[in-house]
Amino acid sequence: MTQVNTTSYKTIKLWKISERDKRPEGYNLKEEDGRYRDPTTVTTLRVPVFRPMDLMVEASPRRIFANAHTYHINSISINSDYETYLSADDLRINLWHLEITDRSFNIVDIKPANMEELTEVITAAEFHPNSCNTFVYSSSKGTIRLCDMRASALCDRHSKLFEEPEDPSNRSFFSEIISSISDVKFSHSGRYMMTRDYLSVKIWDLNMENRPVETYQVHEYLRSKLCSLYENDCIFDKFECCWNGSDSVVMTGSYNNFFRMFDRNTKRDITLEASRENNKPRTVLKPRKVCASGKRKKDEISVDSLDFNKKILHTAWHPKENIIAVATTNNLYIFQDKVN
Amino acid sequence: MFARGLKRKCVGHEEDVEGALAGLKTVSSYSLQRQSLLDMSLVKLQLCHMLVEPNLCRSVLIANTVRQIQEEMTQDGTWRAVAPQAAERAPLDRLVSTEILCRAAWEQEGAHPASGLGDSHTQGPVSDLCPVTSAQAPRHPQSGAWEMDGPRENRGSFHKSLDQIFETLETKNPSCMEELFSDVDSPYYDLDTVLTGMMGGARPGPCEGLDGLAPATPGPSSSCKSDLGELDHVVEILVET
């Protein structure tokens, strides 16, 4: 049995997901179709047994946590105590108890008294995997704040502020937009966190606030296309990122149904494509390459041929196995490591 | 621009004039493209608050971009000062609606003196750029969407200032939307006119990079692919700042 929290803009639901692959048969008082039998016709008794059936997955809503958010919810994160969770919208973060649906506590509020002065919003938040009093939240200006709930009831003052100084050589009118963090995820170990901004993935050591320890370029070839991507709104796309179970590989999505993996140890990276045309089930995915400029080699794709409507925003990695889930606009792909 | 008589008289200075014009072309090309980015951003902001469920993050990012452009324009003297009344209102975001609104009107009436910046400092760049920016005026449909009698009257009538946009995002009520729209001139909502007027319309001279711009539509558009090549050199110039 699994519990999953979902959110649709402003309402949070807790779902129970269960699998059923057996059903009971052989009741004494009911027919197989459910109709009651006339007790007088029962002459023998039997013990009902479980028989296999086609696997059925059921999702049923168990709790609805409503009306605590004025703005769109961007994150939910369950605490390591499995009793509480946080929900974050553009300006506020609330703390809930899983059993209490009509009340939540506001733990972060960055709404200015005068909305004219608003220049920064919350973009993502997550609880620390091991410390149940610690959480982080990221902003549209590329900063991450780590907060300790023991410090005060309202965590408006951060314990740590993570921010990388801007590279002056890359400065443009789009610098702020592309620095906006779309996702933040702690490593399973709890020692690192990963952030995703428009062009890169950054790994931060929680003990070092002034710069990330690793940076991986997801699609640097888009840097010269920022104006077009601003015009067609792609620059506002929010990509997620995820860690593998051992924290040695990180993965994130891109355009043209491409997704990228970076091996932190070998420093190698790979680009793969999630599409039905190019991959039959059970075939090994072929690495893809984007040609940024110059002569395009065979099998490479030029930047101008990329389909910006095919974006992979959501990816997930099984916490223990090498199985990944990748969502394109209309399809969900599940891939696994090839079995030797 | 230059009367015939003047040209004949200044034969000796022709090279200087051409050199100045060439320099002017580079400067004005960047200014035009920056202006185009500013206009695009303002349209996006307007479209933002027309949505039933506006995206606050996106609006904030676009508004910050607008402020950045404005700040740069103020620094290099392109930004002509407002009438004193608005200049008293310190917050930079207030300048967005009034300044941009009013510029086209001022150009038609004749450039106002740069009161806030000091005449001696700004006279040169302002007058140099004057011919360029007045060339933009025809791109607006003849007193259609941008109809204005004078700067003061238009404050708040056509272009909602940033604070009103954010307030809208807060309340997000369909009836609220209607209230906001009620006092806006109807020509504004002929978006096609506005957008085609701004982009791809009759543009003189150094605007080749912008000719190929497709009308901005909300949401990703598949025309991006064809636009990418055409916009590259626009981006190069913008990114080089």
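1. Among contacts in chain B between residues at least 6 apart in sequence, 73% join residues at least 24 apart. This is a predicted model, and the figures below should be read with that in mind.

2. Chain B contains 12 helices and 0 strands. Its pattern along the sequence is therefore a plain run of helices, α-α-α-α-α-α-α-α-α-α-α-α. Of the 241 residues in chain B, 47% count as buried.

3. Next, the nonpolar cores. In soluble globular proteins, nonpolar side chains tend to be buried together. The largest nonpolar core here has 44 residues. The members that touch the most other members are A:Tyr198, A:Leu222, A:Leu229, A:Tyr230, A:Ile235, A:Leu306 and B:Leu37.

4. Which elements give two or more residues to this core? From chain A they are α1 (175–179) and α2 (226–231), and from chain B they are α2 (14–48) and α3 (56–75). With 9 residues, α3(B) gives the most.

5. Another core, of 14 residues, lies apart from the largest one. Its members include A:Met261, A:Leu285, A:Trp317 and A:Ile324.

6. A:Tyr198, named above, deserves a point of its own. Setting aside neighbours within four places in sequence, A:Tyr198 is in contact with A:Ile178, A:Ser180, A:His219, A:Leu222, A:Leu226, A:Leu229, A:Cys234, A:Ile235, A:Asp237, A:Phe239 and A:Tyr255. Among these partners, A:Leu222, A:Leu229 and A:Ile235 also appear in the list of core members that touch the most others.

7. The second largest pocket has a volume of about 1,200 Å³. It is lined by 30 residues, and the closest to its centre are A:Leu272, A:Leu285, A:Gln336, A:Asp337 and A:Lys338. Three strands of chain A each give two or more residues to the lining: β18 (258–263), β19 (269–273) and β24 (332–336). A:Leu285 is thus worth locating in the model, as it is listed both for this pocket and for the core of 14 residues.

8. How do the lining residues of the second largest pocket divide into nonpolar, polar and charged? There are 16 nonpolar, 6 polar and 8 charged residues.

9. Finally, a hairpin in chain A. Strands β4 (residues 73–78) and β5 (residues 84–89) of chain A pair in the antiparallel sense over 5 bridges. Within this pairing, A:Ser75 of chain A stands opposite A:Ala88 in β5(A). The hairpin has 5 residues between the strands, and A:Tyr82 takes a positive phi near 55°.

Terms used: Residues are numbered from 1 along each chain as its sequence is written. Chains are lettered from A and ligands numbered from 1 in the order in which they are written. This is a predicted model: local features need pLDDT of at least 70, side-chain atom pairs count only at pLDDT 80 or more; totals for chains, interfaces and linings use all residues. Side-chain values use heavy atoms; hydrogens and water are left out. On a 1 Å grid over the protein atoms alone, a cavity is a set of points where a 1.4 Å probe fits but cannot get out, and a pocket is an open set with protein on both sides within 12 Å along at least five of seven lines; lining residues have an atom within 4 Å of a point. Grid points are joined across faces, edges and corners, and a volume is the space filled by probe spheres set on the points. Helices (H or I, at least four residues) and strands (E, at least two) are DSSP runs, numbered from the N terminus. Ala, Val, Leu, Ile, Met, Phe, Trp, Tyr, Cys and Pro count as nonpolar, Asp, Glu, Lys and Arg as charged, and the others, Gly among them, as polar. A nonpolar core is a set of buried Ala, Val, Leu, Ile, Met, Phe, Trp, Tyr and Cys residues joined through side-chain atoms within 4.5 Å. Buried means under 20% relative accessible area, exposed over 50%, partly exposed in between (1.4 Å probe, protein chains only). Contact means heavy atoms within 4.5 Å. Two strands pair if DSSP finds at least two bridges between them.
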